Amino acid sequence: MRSGGYDKILVLDVLLLAVFGLVMISSASVVLSYNEFGNNYYYLSHQFVYGFLPGILLMCVLSRIDYRKYKKYAPLFSTIADRVDSDV
């Protein structure tokens, strides 16, 4: 990996896991989606538009920022993660 570049294997792994998740959502929800909305792929398309695409966009934006700049925000991120986790 060159300096300032990105890890292609890591990006490929993230994309493969995200696509695998979309396939799992599709296979698990086709019947329910059709019964509820009349569209076999309602949940798949919803997850793609509101989950996958924003996640990929956010990954692209955040990967351009030097990760050392996140260090000063680590306590805030940790607190937010703890609150979100405790709400679930």
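Let's start with a word you'll need on this tour: a residue is "buried" if its relative accessible area is under 20%, "exposed" if over 50%, and "partly exposed" in between, using a 1.4 Å probe and counting protein chains only. Before you click anything, know that this is a predicted model, where local features need pLDDT of at least 70, side-chain atom pairs count only at pLDDT 80 or more, and totals for chains, interfaces and linings use all residues. Residues are numbered from 1 along each chain as its sequence is written, and side-chain values use heavy atoms, with hydrogens and water left out.

**Stop 1: the whole chain**

Show the whole thing as a cartoon. You'll find three helices and zero strands, running α-α-α from the N terminus on. Helices here are DSSP runs of H or I with at least four residues, strands are runs of E with at least two, and both are numbered from the N terminus. Turn the model around: the C-alpha atoms fill a box of roughly 50 × 35 × 15 Å along the principal axes. The radius of gyration is 17 Å, while a compact globule of 88 residues would have one near 12 Å. That radius is taken over C-alpha atoms, and the globule rule is 2.2 Å times the number of residues to the power 0.38. Of the 88 residues, 6% count as buried.

**Stop 2: helix H1**

Now select residues 8-37, which make up helix H1. Start at its N-terminal end, where Asp7 acts as a cap: one of its side-chain oxygens lies 3.3 Å from the backbone nitrogen of Ile9. Slide along to Ser29, the centre of a kink of about 60°. The bend at a residue is the angle between axes fitted to the seven residues ending there and the seven starting there. Just past the helix comes Gly38, with a positive phi near 75°.

Which residues of H1 are buried? Colour Leu22, Ser26, Ser29 and Ser33 to see them. An α-helix has 3.6 residues a turn, so residues three or four places apart point the same way. Helix H2 (42-63) is part of what covers the buried residues of H1.

Zoom in on Ser26, which is buried because its relative accessible area is 15%. Leaving aside neighbours within four places in sequence, Ser26 is in contact (heavy atoms within 4.5 Å) with Tyr41 and Leu44.

Also in H1 is Val14, which is partly exposed at 33% relative accessibility. Draw a C-alpha to C-alpha distance from Val14 to Ile65: the two are 51 residues apart in sequence and 18 Å apart in space.

**Stop 3: the rings**

Show the aromatic side chains. How many aromatic pairs does the whole structure hold? A search finds five. Rings of Phe, Tyr and Trp (its six-membered ring) pair if their centres lie within 6.5 Å; planes under 30 degrees apart count as stacked, over 60 as edge-to-face and the rest as tilted.

Select Phe37 and Tyr42 for a stacked pair, 3.9 Å centre to centre with 25° between the planes. Phe37 is partly exposed at 42%, and Tyr42 is partly exposed too, at 28%. Next, pick Tyr73 and Phe77: their ring centres are 6.2 Å apart and their planes are at 40°, so this pair is tilted. Tyr73 has a relative accessible area of 38% and Phe77 has 44%, with Tyr73 partly exposed and Phe77 partly exposed as well.

To finish, add Tyr43 to the view, as Phe37, Tyr42 and Tyr43 form one aromatic cluster.

How values were computed:
Polar contact = N/O pair within 3.5 Å; in protein donor to acceptor, adjacent residues only side chain to side chain.
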